[in-house]
Each structure stands twice: as C-alpha cells, then as structure tokens.
Amino acid sequence: MAHPTNWLEVDLDAVRANAQTVRAILPHPAELWAVIKADAYGHGAVEVARALTQPHPVAQRLIVATLDEAVTLCEAGIGASLMTLYPYTYPDEWETAHHYQIEGVIDSVEGYQQACRLAERNGWLLKTHLEIDTGMSRLGIPATQVERFAEQWTPNAPLQIVSVFTHFASADSDNTLTRQQLETFLEAVRLLKARGFPSVPLHACASAGILNLPDGTLDAVRCGLMVYGVMPTSGTEHPLAQRLKPALTWRARVLSVREIPAGQGVSYGWRFRAPRPMKVATLGVGYADGYPIGLSNQTPIALGGRVVRQIGRICMDMLMVDATEVPDLQVGDCATLVGRDGEAEVRIETLAQILDTTPHELTTRLGSRPHRRFRVGALV
Ligand SMILES: Cc1ncc(COP(=O)(O)O)c(C=O)c1O
C-alpha cells in the first residue's frame with residue numbers, strides 16, 4: 001500500500017464557520033459570495049462548495065474564474081448560483097453557460113451586444129453580472145464608458161443583469177485610492193439608474209476591502225481568502241485573525257534522520273553548511289508539491305511540537321530541516337509545513353511575507369500531488 005509523503009488536511013467545518021464569521025462582522029446586512037476559483041484556492045472546490053451550501057447555504061453565491069471550473073461544480077451536483085469572472089470570448093461559451101445556468105460577466109459594450117444577440121437568436125434568458133472598471137485596468141467597462149453602455153442597454157433584452165460590481169486595485173495598501181474607486185463606482189451606478197437601470201445588488205469588496213473599507217461592503221462581498229481562515233497582507237494584526245480558523249493544514253512525513261558534522265554542506269549547491277554538529281531530518285515534500293523553492297534556507301516548519309528551520313535548497317520532492325533540538329525523532333514522524341502542531345504554529349501568511357507574495361499565490365500553487373483529506377467533524 002502506498003502512503004502519501006505529504007498531505008493537506010482541509011477542515012470544512014472551519015470553512016463554514018469562517019464564512020459565517022465574516023458575514024457577521026459586516027457593518028450592515030450583506031450577502032457573502034464565496035470565491036472558490038483555482039480549486040477553492042487549493043482547498044478542493046467541490047468539497048468546499050458543498051460545505052458552503054449544504055445542509056443550508058452559508059454563502060449566497062459561489063464565484064469561480066473559468067467556465068470549466070463552474071461546469072465541474074455543476075456536474076458535481078452543486079446547485080448554488082454560480083458566477084464566473086472571466087468574460088466569454090466565443091459564442092459556444094455562452095451556450096454552455098446557458099445550458100448549466102451559469103452566470104457570466106459583462107465586461108464590455110460589445111460583449112453585451114454580442115450576448116444579447118445570441119440570447120435573442122437562440123431564445124435563451126442569460127443571467128449576467130456587469131463589471132465596471134474603476135481603476136484595476138483589468139476587466140470591466142471603463143467607468144468613462146458607462147454612459148455608452150447605458151445607451152445600448154435595454155430593459156427587455158433576454159439578458160438579465162443581476163448585479164453590478166467593481167474590483168479594488170489596492171485595498172490592502174491604499175485606502176485613498178480604494179475610496180476613490182468606490183466613489184467612481186457609485187457614480188457610475190447613479191448614472192445607470194438615471195437611465196432606468198433597475199436596482200440590483202452592488203459589490204466591490206474582497207477580503208482586504210472588508211477589513212479596510214467597511215462602508216464599501218454594499219449589498220454583497222466577494223470573499224475568498226478569509227473564508228479559508230487566511231488574512232490578507234494588511235490584516236494579520238486585525239482582531240478577526242483570532243476569530244477565523246485556518247482551514248488548511250499541510251503535513252509531511254519524515255523520510256530520513258541523520259547526524260552531520262560541523263562544516264558539512266546540505267542539499268544542492270551546499271548553500272547551507274552546518275555551523276555545528278547537527279541532526280538533519282529529510283521530509284517528503286518539495287517544490288513539485290507546491291512548496292516554493294524561494295523559501296529555501298529560511299522557512300519555519302513545525303516538528304515535534306516546536307518550530308524548527310528549513311535548511312539547504314528545497315528539492316523537487318524533498319527538503320531538509322534542522323532537527324537538532326527535536327528529541328526522539330523517528331522516521332515516519334510528521335512535520336507541519338502549514339498549520340498547528342501542539343503549541344507550534346506556522347501560518348501561510350508568514351510564508352507569504354518571507355516570499356514577499358500574497359497568501360493567494362501560495363495556496364493556489366499547491367500541486368496536485370499532495371493528497372487532500374477533508375475534515376467534517378472527523379477526517380474522511
Ligand atoms: C474579482 C475578484 N473578487 C474577489 C476576489 C477574492 O479576493 P480575496 O481572496 O482576497 O478575498 C478575487 C480574488 O482574486 C477577485 O479576483
């Protein structure tokens with residue numbers, strides 16, 4: 001029988017509880033739309049979607065990036081409203097969206113016209129979300145073109161716009177810019193309404209916006225990171241960090257333990273040399289599993305209930321740690337790369353800070369090799 005050398009434990013109860021906690025801290029009643037793109041940030045999209053929607057929904061809508069991701073959820077029997085963030089390029093993408101009742105995004109005036117024509121020709125009724133670009137310069141109708149959109153929009157088109165949204169560029173770092181984006185957005189919405197556009201839910205905030213611009217939470221929030229119990233870069237000191245529970249624990253097996261003399265090099269290139277006699281443990285996890293090579297020689301790892309240091313260059317399938325202070329360490333013991341081991345905890349936010357990246361990048365890069373074990377009350 002093959003045993004995994006590293007695996008992810010995903011606490012689905014924590015996912016559910018986090019969604020409820022985030023919703024409870026919003027300054028006024030608003031819906032929580034859970035962002036579960038990129039395989040629910042590496043946590044497993046189908047399982048996370050089930051946890052958020054059954055036995056009763058704690059998220060009112062699920063958001064993915066691609067049509068493929070949405071179709072996978074539909075085929076797995078997820079019955080929730082599903083929104084995709086990518087605009088569709090080809091007519092058959094709209095056909096698929098119609099078939100599965102997936103809600104697409106309207107990102108340009110031309111896209112709106114094309115989708116209306118398709119819907120009319122085929123007798124479809126499409127549900128969509130209108131994105132307005134207020135400064136991200138990525139997707140959405142530029143705020144300056146909303147007037148043009150309003151001229152093309154018709155209330156009786158077979159394309160229903162069920163929400164209007166924007167996305168903040170610097171919610172983690174620049175509140176002045178975020179506030180300006182919010183005002184530009186609300187101005188665009190006023191213009192639409194003046195042209196007869198109906199009142200539909202408005203949304204702008206993702207995790208960092210929820211923390212840093214609470215009055216921007218509007219009618220719904222699109223929350224990813226905090227649903228998984230991970231704080232955005234600006235939020236690690238926020239009191240909410242104590243209330244959310246990280247859903248992900250990543251563990252790896254000790255494959256080998258050895259004593260090395262002072263001066264001995266470790267791993268490729270000998271970028272680490274033992275300053276004294278040391279005990280080295282080799283773990284069955286490497287960059288092919290999603291543990292970034294950039295963390296080499298500097299990352300904390302929990303082992304034997306204490307935090308130890310990774311040493312030497314991280315290999316494709318293995319990495320080494322300084323286990324000198326860990327008594328009675330045996331081959332087959334378990335190290336914790338992310339999560340808690342007794343009193344010792346390694347948070348994904350810490351790894352992101354070391355790499356000067358976002359926690360999003362780390363979790364979405366988790367490879368397909370680590371097994372995922374899901375916990376709902378007990379591990380299944
Ligand atoms: C448009 C949009 N909304 C919401 C989110 C969720 O962001 P977060 O995970 O920081 O809550 C993302 C994430 O990339 C996004 O692209």
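Gln-264 sits in the loop that links β11 (248-260) to β12 (265-266); helices (H or I, at least four residues) and strands (E, at least two) are DSSP runs, numbered from the N terminus. The model here is a predicted one: local features need pLDDT of at least 70, side-chain atom pairs count only at pLDDT 80 or more, and totals for chains, interfaces and linings use all residues. Numbering starts from 1 along each chain as its sequence is written.

Back to that loop. Gln-264 comes out as partly exposed, because 15 other C-beta atoms lie within 10 Å. The cut-offs behind that label are simple: a residue is buried if 20 or more other C-beta atoms lie within 10 Å of its own, exposed if 12 or fewer, and partly exposed in between, with C-beta atoms placed from the backbone. Setting aside neighbours within four places in sequence, Gln-264 is in contact with Arg-273 and Ala-274, where contact means C-beta atoms, placed from the backbone, within 7 Å. Pro-277 is 13 residues away from Gln-264 along the chain, and the two C-alpha atoms are separated by 8.5 Å.

A little further along, Ser-267 occupies the loop between β12 and β13 (272-273). Phi of Ser-267 is near 70°, a positive value in a residue other than glycine. Ser-267 counts as buried, because it has 20 C-beta neighbours inside 10 Å. Another serine, Ser-137, also has a positive phi, near 55°. Ser-137 belongs to the loop between β6 and β7 (141-142), and with 9 C-beta neighbours inside 10 Å it counts as exposed.

Now for the chain as a whole. The secondary structure adds up to 12 helices and 21 strands, and the C-alpha atoms fill a box of roughly 75 × 45 × 40 Å along the principal axes. Of the 380 residues, 46% are buried. Taking contacts between residues at least 6 apart in sequence, 68% join residues at least 24 apart. The domain assignment gives domain 1 (12-228) and domain 2 (248-346), with bounds that come from an automatic or database domain assignment. The C-alpha centres of the two domains lie 41 Å apart.

What ties into the nonpolar interior? The largest nonpolar core has 112 residues, and those with the most contacts inside it are Val-15, Ala-34, Ile-36, Leu-52, Leu-62, Cys-223 and Val-321. Both domain 1 (12-228) and domain 2 (248-346) give residues to this core, so it lies between them. A core of this kind is a set of buried Ala, Val, Leu, Ile, Met, Phe, Trp, Tyr and Cys residues joined through C-beta atoms within 7 Å. Leu-52, for one, touches Val-15, Arg-16, Ala-19, Ala-34, Pro-57, Val-58, Ala-59 and Leu-62, not counting residues up to four places away in sequence. Pro-55 is in the loop between α3 (45-53) and β3 (61-64), and a cis peptide bond joins Gln-54 to Pro-55, with omega at about 0°.Strand pairing comes next, with two strands counted as paired if DSSP finds at least two bridges between them. Strand β6 (residues 126-133) has 7 of its 8 residues buried, so the rest of the structure largely encloses it. Strand β5 (residues 104-106) pairs with β6 in the parallel sense over 3 bridges, and Gly-104 stands opposite Thr-128 in β6. Elsewhere, strand β15 (residues 300-303) and strand β16 (residues 306-311) pair in the antiparallel sense over 4 bridges, with Val-308 in β16 as the bridge partner of Ile-301. These two strands, β15 and β16, form a hairpin with 2 residues between them, and Gly-304 in the turn has a positive phi of about 60°. β16 is also joined by 2 bridges to strand β17 (residues 319-322), and this pair runs antiparallel. Val-321 in β17 is the bridge partner of Gln-310, and Val-321 is also among the core residues with the most contacts.

Last comes the ligand. The residues around it are Val-35, Leu-85, His-167, Ala-206, Ser-207, Ala-208, Arg-222, Cys-223, Gly-224, Leu-225, Pro-232 and His-360; a residue is near a molecule if its C-beta atom, placed from the backbone, lies within 6 Å of it. The elements giving two or more residues to this shell are α9 (207-212) and β10 (220-223). By type, the shell divides into 7 nonpolar, 4 polar and 1 charged, where Ala, Val, Leu, Ile, Met, Phe, Trp, Tyr, Cys and Pro count as nonpolar, Asp, Glu, Lys and Arg as charged, and the others, Gly among them, as polar. Cys-223 appears in the shell around the ligand and among the residues with the most contacts inside the largest core.

Definitions and conventions
Two residues are in contact if their C-beta atoms, placed from the backbone, lie within 7 Å.
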